[in-house]
Amino acid sequence: MAGPVTFAPDKWAYIRTNAWLAALGMAGAMIVLWLIGNPYVWTGAPAGLAAIGIRAWYLASEELVANWQLSDTALTGPGGRSVALNQITAVNIMGSFVQIVTNSGYKHLIKYQSDPAATKAAIERAIP
């Protein structure tokens with residue numbers, strides 16, 4: 001490897017992921033209101049949208065700066081997280097996230113990747 005590779009979160013992947021969560025939240029809230037017999041089922045839609053929208057806005061400043069770096073020996077992430085490459089047992093894709101699973105069972109997420117398949121491939125190539 002020529003030098004460290006950085007996996008930075010993508011703003012559009014963040015927006016896309018939260019749009020899907022909002023759609024699920026809207027539908028879920030409407031279903032709950034329908035099941036309990038509330039005559040104003042439609043209010044679940046703006047409630048679900050508001051809940052996810054506020055959450056996305058609040059967390060954006062933290063989530064969109066959470067970079068991971070891949071070196072010859074380790075994958076280093078935010079908050080002092082570090083995973084030795086020889087300790088990685090699986091690399092999985094979950095939507096726009098890439099999950100790293102270690103020998104000891106710890107799991108780490110590299111979130112909001114524009115091309116999670118490319119991120120997975122780069123990590124798998126670096127594993128000894």
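## A buried serine between two strands

A good place to start is Ser 96, which sits in the loop joining β5 and β6. In this predicted model, Ser 96 has a relative accessibility of 12%, so it counts as buried. Setting aside residues up to four places away in sequence, Ser 96 touches Ala 13, Thr 17, Ile 110, Lys 111, Tyr 112, Gln 113 and Pro 116.

Next along the chain comes Phe 97, in strand β6. Phe 97 is buried too, because its relative accessibility is 16%, under the 20% cut-off. Beyond its neighbours within four places in sequence, Phe 97 is in contact with Asn 92, Leu 109, Ile 110, Lys 111, Tyr 112 and Pro 116. Phe 97 and Gln 113 are 16 residues apart along the chain, yet their C-alpha atoms are separated by 6.1 Å.

## Tyr 112 and its unusual backbone

Tyr 112 appears in both of those contact lists, and it deserves a look of its own. Tyr 112 lies in the loop between β7 (residues 107–110) and α3. Although Tyr 112 is not a glycine, its phi is positive, at about 55 degrees. With a relative accessibility of 4%, Tyr 112 counts as buried.

Asp 10 is another partner of Tyr 112: leaving aside neighbours within four places in sequence, Asp 10 is in contact with Leu 64, Tyr 112 and Ser 114. Asp 10 belongs to the loop between β1 (5–7) and α1. What is the exposure class of Asp 10 at 23% relative accessibility? Asp 10 counts as partly exposed, because that value falls between the 20% and 50% limits. As for longer separations, Asp 10 and Gly 53 are 43 residues apart in sequence, and their C-alpha atoms are 17 Å apart in space.

## The helix pair

Now for the helices. The axes of α1 (residues 11–35) and α2 (residues 44–63) come within 7 Å of each other and cross at roughly 150 degrees. That angle is over 145 degrees, so α1 runs roughly antiparallel to α2. The crossing of the two helices is right-handed.

On the α1 side, the contact is made by Tyr 14, Asn 18, Leu 21, Ala 22, Gly 25, Met 26, Ala 29, Met 30 and Leu 33. From α2 come Gly 44, Ala 45, Gly 48, Leu 49, Ile 52, Arg 55, Ala 56, Leu 59, Ala 60 and Glu 63. Sorted by type, the residues of this contact comprise 13 nonpolar, 4 polar and 2 charged.

The loop between α1 and α2 holds Pro 39. Buried or exposed, where does Pro 39 fall? Pro 39 counts as exposed, because its relative accessibility is 65%. The C-alpha atoms of Pro 39 and Ala 50, which are 11 residues apart along the chain, are separated by 20 Å.

## Two nonpolar cores

In soluble globular proteins, nonpolar side chains tend to be buried together. Here the largest nonpolar core has 14 residues, and those with the most contacts inside it are Phe 7, Leu 70, Leu 75, Ile 88, Ile 100, Ile 110 and Ile 123. Two or more residues come from each of β2 (68–70), β5 (88–94), β6 (97–102) and α3 (116–126). Helix α3 gives the most, with 3 residues. Ile 100 touches Leu 75, Val 83, Ile 88, Ala 90, Val 91, Tyr 106, Lys 107, His 108, Ile 110 and Ile 123, not counting residues up to four places away in sequence.

Apart from this core lies another, of 6 residues, which include Ala 56, Ala 60, Phe 97 and Tyr 112. Of these, Ala 56 and Ala 60 also take part in the contact of α2 with α1.

How values were computed. Residues numbered from 1 in each chain as written. Predicted model: local features only at pLDDT ≥ 70, side-chain atom pairs only at ≥ 80, totals over all residues. Heavy atoms only, no water. Axes fitted to C-alpha atoms, helices over the stretch in contact; angles between N-to-C directions. Helix = DSSP H or I, 4+ residues; strand = E, 2+ residues; numbered from the N terminus. Parallel < 35°, antiparallel > 145°, perpendicular 65-115°, else oblique. Left-handed = near helix turned anticlockwise from the far one by under 90°. Contact = heavy atoms within 4.5 Å. Nonpolar A, V, L, I, M, F, W, Y, C, P; charged D, E, K, R; others polar. Core = buried A, V, L, I, M, F, W, Y, C linked by side-chain atoms within 4.5 Å. Buried < 20%, exposed > 50% of the residue type's maximum accessible area, 1.4 Å probe, protein only.
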